[in-house]
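User: I'd like to go through how some of the labels for this protein were reached. Could you take me through the reasoning step by step?

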Amino acid sequence: GSPELLAAIATWLKKRYAISISADAQIMALNGTREGLYNAAMALCPEKIGGKPPVILIPNPFYQVYAVAAHSVGAAPVFVPATVDGGYLPDYTAMPPEILNRTAIAYLCSPSNPQGAVASPAYWQDLIALAEKYDFKIFADECYSEIYRDAPPVGGLQMAAELGADPDRVVIFHSLSKRSNLAGLRSGFVASGPQSIARIRQLRAYAGAPLPLP
């Protein structure tokens, strides 16, 4: 992304979520969120955890890219039902320790598609605490973040900052596709801690295409 675009994204994140992050080190432009949601797994998922294939937790129903990313990196996808009992959000805290000990990534879509469920601050607090305990990353698909009725939904990096968590623990993905009805423009971004973004950027230098300036 151009310096002007990255600076604009950083300004928007500060206005929307009250977080201050480095435009140069913590943000990368994407050709829509699909590219990022897939390539981030390629860049950040380890080949083994404890000598076994890693696990990627996926809400069910799910965006197909989550599952394809898991298969592409040789991880075991574990589909966690997002049912009415859990407020249509996956209850990752209920997963057994033998699964969590192998977990590398947990995908979360909030507001979710297709249910429209919104992760509350309490939900985020529990999930980030779980990720800290079992040392996995949260991939927050936030491409519906600006579609809401009343209060704007909280974001993953926002909650990580409020809780004092490592910003590399949470990777957020945003897009103009849904919020601005610009699906064909293929314009989005990923933001996280500097170590995660450096690894994603290194992969994208070879596997991605630059975002068109228009």
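User: Which residues does Leu13 touch, not counting residues up to four places away in sequence?

Analyst: Happy to help, and please keep in mind that this is a predicted model. With those sequence neighbours set aside, Leu13 touches Ala18, Ile19, Ile21, Ile27, Ile172, Phe189 and Ala191. Leu13 also belongs to the largest nonpolar core, which has 41 residues; Leu13, Ile27, Leu57, Trp124 and Phe136 are the ones that touch the most other members. Helix α5 (residues 121–134) gives this core its largest share, seven residues.

User: What makes Phe189 buried or exposed?

Analyst: The relative accessible area of Phe189 is 7%. Buried means under 20%, so Phe189 is buried.

User: Why is the pair of Trp12 and Phe189 called edge-to-face?

Analyst: Two values decide this one. Ring centres must lie within 6.5 Å to pair, and planes over 60 degrees apart count as edge-to-face. The centres of Trp12 and Phe189 are 6.4 Å apart and their planes stand at 75 degrees, so the pair is edge-to-face. This pair links distant parts of the chain, with Trp12 in helix α1 and Phe189 in strand β7 (residues 188–191), 177 residues apart.

User: And what makes the pair of Tyr63 and Tyr66 edge-to-face?

Analyst: The reasoning runs along similar lines. Their ring centres are 5.8 Å apart and the planes are at 85 degrees, so this pair is edge-to-face. Ring pairs link Tyr63 and Tyr66 with Tyr107, Phe139 and Phe173 into a cluster.

User: Why does Tyr63 count as partly exposed, and Tyr66 as buried?

Analyst: Buried means under 20% relative accessible area, exposed means over 50%, and partly exposed lies in between. Tyr63 has 25% relative accessibility, so Tyr63 counts as partly exposed. Tyr66 has 2%, so Tyr66 counts as buried.

User: How do you know that Asp141 has no salt bridge?

Analyst: A salt bridge needs a side-chain nitrogen of Lys or Arg within 4 Å of a carboxyl oxygen of Asp or Glu. For Asp141, the nearest side chain of opposite charge is Lys178, 7.2 Å away, and Asp141 is buried without a salt bridge. A polar atom of the Asp141 side chain does lie 3.4 Å from the backbone nitrogen of Cys143. Asp141 sits in strand β5 (residues 137–141), and its contacts beyond four places in sequence include Tyr63, Tyr66 and Phe173.

User: Last one: why is Ala8 called partly exposed?

Analyst: Ala8, in helix α1 (residues 3–17), has a relative accessible area of 44%. Partly exposed covers the range between the 20% and 50% cut-offs, so Ala8 is partly exposed.

Key:
Residues numbered from 1 in each chain as written. Predicted model: local features only at pLDDT ≥ 70, side-chain atom pairs only at ≥ 80, totals over all residues. Heavy atoms only, no water. Helix = DSSP H or I, 4+ residues; strand = E, 2+ residues; numbered from the N terminus. Buried < 20%, exposed > 50% of the residue type's maximum accessible area, 1.4 Å probe, protein only. Lys, Arg positive; Asp, Glu negative; His and termini not counted. Polar contact = N/O pair within 3.5 Å; in protein donor to acceptor, adjacent residues only side chain to side chain. Contact = heavy atoms within 4.5 Å. Core = buried A, V, L, I, M, F, W, Y, C linked by side-chain atoms within 4.5 Å. Phe/Tyr/Trp six-rings, centres within 6.5 Å; stacked < 30°, edge-to-face > 60°.
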